[in-house]
Amino acid sequence: MNTTPRRVEHHQTDRGYVPVYATGVVEQPWADYTATDHQVWDTLYARQRDLLPGRACQEFLDGVERFGMGDGGIPKFADLNKVLGAATGWELVAVEGLLPDEVFFDHLANRRFPVSWWIRKPDQLDYLSEPDLFHDLFGHVPLLLNPVFADYMQAYGRGGMKAFAIGPEALMNLTRLYWYTVEFGLINTSEGMRIYGAGIVSSKGESIYSLDSASPNRIGFGLERVMSTRYRIDTFQQTYFVIDSFEQLFDATRPDFTPIYASLQAQAAHAAGDVLDSDRVFTRGNREGWATNADT
């Protein structure tokens, strides 16, 4: 284990932002966080705490409360691991930045969730191109206290190992599933539509946009529909997929995806903003403000 963490970010090149990977697990340098680092956490936490009730799903809000994430300053991973391990057997591990796919999948398959140890700067409160500690910890970790979602994440990691062995097209299909569920998923509850995706709950702007804006589509979740849909990495989403329960999400990972990958390979991918005749449409977006360049 490397005991001298460093920050690993994307590098700007003529091909856009390219990730610089670091594969090691490090110690969280909690004693080295500055007063400014802790203030950034407190500021981000406070505004999401005020915004998310009535927007985020109750399972997420309960997880934040159980962890005591608002007790003041950046939480210690060791303290959170005591709660998390007792609840679902997961463990947080500190990493320097983005991980290669196969390393990330191996962590998830073994119930380890990688969290970037560093936090954004005060002038980056509203946007950061790479995931930092607030996104990883506040956005992802509270739902790992939910047994069904925790099992889904492990199943996803195991599926990722298989997809990586099959090839890049299978890996892209699986990446789309993660993007539209774990990162940008919505859930339909008895109280109304709610957020559970980490990329939304950790973002003030998208927490509002995803539920209130007339621009995006909101479409019922379907496994192959999601896995064949491109997505946006540079703007708010053009389409959000809506699950009915975490059980539905977990059940979707039970089948062997190998024949699904083969079937999808023979089909053209859908654009991020497409609405199909077969879709269960909650909201058809008015497309206002949509970017017109290519999706990922």
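## A tour from the sheet outward

Start by selecting β3, β4 and β5: these 3 strands form an open sheet with mixed pairing, in the order β3-β4-β5. β3 (25-26) and β5 (112-116) stand at the edges, each with a single partner strand, so one side of each has no neighbour in the sheet. Strands pair here if DSSP finds at least two bridges between them. Helices (H or I, at least four residues) and strands (E, at least two) are DSSP runs, numbered from the N terminus.

The model is predicted: local features need pLDDT of at least 70, side-chain atom pairs count only at pLDDT 80 or more, and totals for chains, interfaces and linings use all residues. Residues are numbered from 1 along each chain as its sequence is written, and side-chain values use heavy atoms, with hydrogens and water left out.

**The sheet and its helices**

Select β3 together with β4 (residues 91-95); the two pair in the antiparallel sense over 2 bridges. Val-26 has Ala-94 of β4 as its bridge partner. Now move to the other pairing: β4 and β5 run parallel and are joined by 5 bridges. Here Leu-92 stands opposite Phe-113 in β5. Colour β5 by accessibility and 4 of its 5 residues are buried, so the strand is mostly covered (buried means under 20% relative accessible area, exposed over 50%, partly exposed in between, with a 1.4 Å probe and protein chains only).

Add helix α3 (residues 77-88), which lies across β4 and β5 and runs at about 155 degrees to β4. Helix α5 (residues 133-140) also packs on the sheet, touching β4 and β5, and its direction makes about 140 degrees with that of β5. For these angles, axes are lines fitted to C-alpha atoms, for helices over the stretch in contact, and values run from 0 to 180 degrees between N-to-C directions. Contact means heavy atoms within 4.5 Å.

Just before β5, select Arg-111, in the loop between α4 (101-109) and β5. The phi of Arg-111 is near 60 degrees, a positive value in a residue other than glycine. Most residues other than glycine have a negative phi. Arg-111 is buried, with a relative accessible area of 15%. Arg-287 also has a positive phi, near 70 degrees; look for Arg-287 in the segment after β10 (281-283).

**The annotated site**

Next select His-135, His-140 and Glu-183, which the UniProt annotation "binding site" covers, in an unreviewed entry. They span 49 residues in sequence, yet no two of their C-alpha atoms are more than 10.0 Å apart, so they gather at one spot. UniProt positions are given in the numbering used here, feature names are shortened, and annotations may be inferred rather than shown by experiment.

His-135 is in helix α5 and is buried, at 12% relative accessible area. Beyond its neighbours within four places in sequence, His-135 contacts Arg-120, His-140, Glu-183, Ala-198, Gly-199 and Ser-202. Glu-183 is in helix α7 and is buried too, at 11%. With the same sequence neighbours left aside, the contacts of Glu-183 include His-135, His-140, Tyr-178 and Ile-200.

**Gln-48 and the aromatic residues**

Go to Gln-48 in helix α1 (residues 35-51), buried at 1% relative accessibility. Not counting residues up to four places away in sequence, Gln-48 touches several residues, among them Phe-134, Phe-138, Ile-200 and Ser-202. Phe-134 and Phe-138 form one aromatic cluster with Trp-41, Tyr-45 and Phe-60.

The whole structure holds 19 aromatic pairs. In the pair Tyr-180 and Phe-241, the ring centres are 4.9 Å apart and the planes at 80 degrees, so the pair is edge-to-face. Tyr-180 lies in helix α7 (residues 168-183) and Phe-241 in strand β9 (residues 239-243), so the pair ties together parts that are 61 residues apart in sequence. Tyr-180 is buried at 1%, and Phe-241 is buried at 1%. Rings of Phe, Tyr and Trp (its six-membered ring) pair if their centres lie within 6.5 Å; planes under 30 degrees apart count as stacked, over 60 as edge-to-face and the rest as tilted.

**Charges over rings**

Finish with two side-chain pairs. Arg-7 lies over the face of Trp-118, 3.7 Å from the ring centre, and Lys-76 lies over that of Trp-30, at 4.5 Å. A charge sits over a ring if NZ of Lys or CZ of Arg is within 6 Å of the ring centre and within 35 degrees of the ring normal.
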